[in-house]
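Subject: A structure for you to explore

Hi there,

Here is the structure I promised to pass on to you. Have a look around it first, and then read my notes below with the model open beside you.

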Amino acid sequence: MSQSIGSQCNELKKEYDECFNKWYSEKFLKGDIRPECEELFKKYKDCVMNAVKQKQIDKLLVEARKDDPFTSSNSENKGKS
Amino acid sequence: MVKFFQHTFKYEYNWESVTLAFWLRYPNPFASHVESVDVIDRYVDPNTGVLRTTRLILKRGVLPKWGKGLIKNPEAYIIEESMVNPKNKTMITLTKNVTHARVMQVEEWQTYQVDLNNREFTQVKTEARIISNFGWGLTDHVELFGIKKFADNTVKSRKGMSHVLEMIREKRGRGFLTV
């Protein structure tokens with residue numbers, strides 16, 4: 001399993017990733033789209049966001065994500081093909 | 001100044017396995033430059049049933065000689081946005097660098113769909129746009145480097161995906177996975 005940006009988040013990441021991978025292959029892909037692993041994700045994400053702030057890339061992230069790439073006309077074209 | 005790159009590729013695995021491999025593709029022996037991968041946002045759109053994910057990837061870059069003077073810190077943060085629609089079996093991903101974007105911005109779109117000739121295979125269309133506004137006569141250099149690097153990386157990432165797909169196949173054989 002891959003590492004987290006914050007070494008202190010590795011354990012939380014592992015727990016979350018395991019939960020997600022199971023949900024994705026056993027539920028989501030089979031049509032059950034009800035989310036699971038939400039609690040684990042919240043803990044893990046809080047940890048990652050702290051690490052992101054410490055590394056001072058939080059502003060860069062906000063800037064990079066200010067437009068939703070999939071609602072622009074750009075992505076509509078990409079989705080067709 | 002912009003350069004474009006496009007190609008399609010076929011994985012001999014079903015769409016479900018390929019999209020799972022997309023999540024599991026790091027670490028793999030062909031991506032030793034990838035330091036970390038984190039999910040920073042993820043939800044299922046209740047109206048469409050589409051899974052939306054944003055991941056932050058940290059790569060330790062390998063720079064050409066002329067680049068070493070330009071970029072002090074050779075690490076690059078990459079944002080990966082994706083949407084998975086399980087109904088029409090389409091996964092669309094967008095990857096772009098958030099650091100060093102002044103030197104070079106690389107945007108890569110990938111569309112994963114069931115192969116129309118063989119429902120057990122998956123077709124991936126890759127489209128990339130490489131933009132550099134650097135000036136000082138370096139722009140062409142930067143963009144050509146970008147294209148070459150991009151083509152090399154595409155081969156590597158395909159090998160990485162294939163490696164992970166092989167692992168998924170083995171696990172499935174042993175009953176660990178049901179995709």
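Let's begin in chain B with strand β5, residues 90-97, which is mostly covered: 8 of its 8 residues are buried. Please keep in mind that this is a predicted model.

Which way do the residues of β5(B) point? Thr90(B), Ile92(B), Leu94(B) and Lys96(B) point one way, while Met91(B), Thr93(B), Thr95(B) and Asn97(B) point the other way. Both sets are buried. This is a good place to recall a general pattern: in a regular strand, side chains alternate between the two faces of the sheet.

Now look at the strands that pair with β5(B). Strand β4 of chain B, residues 75-85, pairs with β5(B) in the antiparallel sense over 8 bridges. To find your place, look for Glu80(B), whose bridge partner in β5(B) is Thr95(B). β4(B) and β5(B) form a hairpin with 4 residues between them, and Lys89(B) in the turn has a positive phi of about 50 degrees. Strand β6 of chain B, residues 105-114, also pairs with β5(B) in the antiparallel sense, over 7 bridges. Here Thr93(B) has Gln110(B) in β6(B) as its bridge partner.

From β4(B) you can step to strand β3 of chain B, residues 51-60, in which 8 of the 10 residues are buried. β3(B) and β4(B) pair in the antiparallel sense over 10 bridges, with Val84(B) in β4(B) as the bridge partner of Leu51(B). β3(B) also pairs with β2(B), again in the antiparallel sense, over 9 bridges. One pair to look for there is Val37(B) with Ile57(B) in β3(B). β2(B) and β3(B) form a hairpin too, with 6 residues between them; Gly49(B) in that turn has a positive phi of about 75 degrees.

For the wider view, how many helices and strands are there in chain B? There are 3 helices and 7 strands, and along the sequence they follow the pattern β-α-β-β-α-β-β-β-β-α. Of the 179 residues in chain B, 54% count as buried. Among contacts in this chain between residues at least 6 apart in sequence, 57% join residues at least 24 apart.

Next, the nonpolar cores. The largest has 44 residues, and those with the most contacts inside it are Tyr24(A), Leu51(B), Leu56(B) and Tyr112(B). Apart from this core lies another, of 9 residues, including Phe5(B), Met104(B), Ile130(B) and Phe150(B). In general, nonpolar side chains in soluble globular proteins tend to be buried together. Try selecting Tyr112(B): beyond its neighbours within four places in sequence, Tyr112(B) is in contact with Trp15(B), Phe22(B), Met91(B), Thr93(B) and Met161(B), among others.

Last, a pocket. The second largest one has a volume of about 550 Å³ and is lined by 25 residues. Which residues lie nearest its centre? They are Met1(A), Asp17(A), Asn21(A), Leu24(B) and Lys171(B). The lining divides into 14 nonpolar, 3 polar and 8 charged residues. Its largest share, 8 residues, comes from α1(A). Along with α1 (10-26) of chain A, the elements α1 (15-24), β2 (34-44) and α3 (139-173) of chain B each supply at least two residues of this lining.

Enjoy exploring!

Best wishes

How values were computed. Residues numbered from 1 in each chain as written. Chains lettered and ligands numbered in written order. Predicted model: local features only at pLDDT ≥ 70, side-chain atom pairs only at ≥ 80, totals over all residues. Heavy atoms only, no water. Core = buried A, V, L, I, M, F, W, Y, C linked by side-chain atoms within 4.5 Å. Buried < 20%, exposed > 50% of the residue type's maximum accessible area, 1.4 Å probe, protein only. Contact = heavy atoms within 4.5 Å. 1 Å grid on protein atoms, 1.4 Å probe; cavity = no way out; pocket = protein on both sides within 12 Å on 5 of 7 lines; lining within 4 Å. Points joined across faces, edges and corners; volume = space filled by probe spheres on them. Nonpolar A, V, L, I, M, F, W, Y, C, P; charged D, E, K, R; others polar. Pairing = 2+ DSSP bridges.
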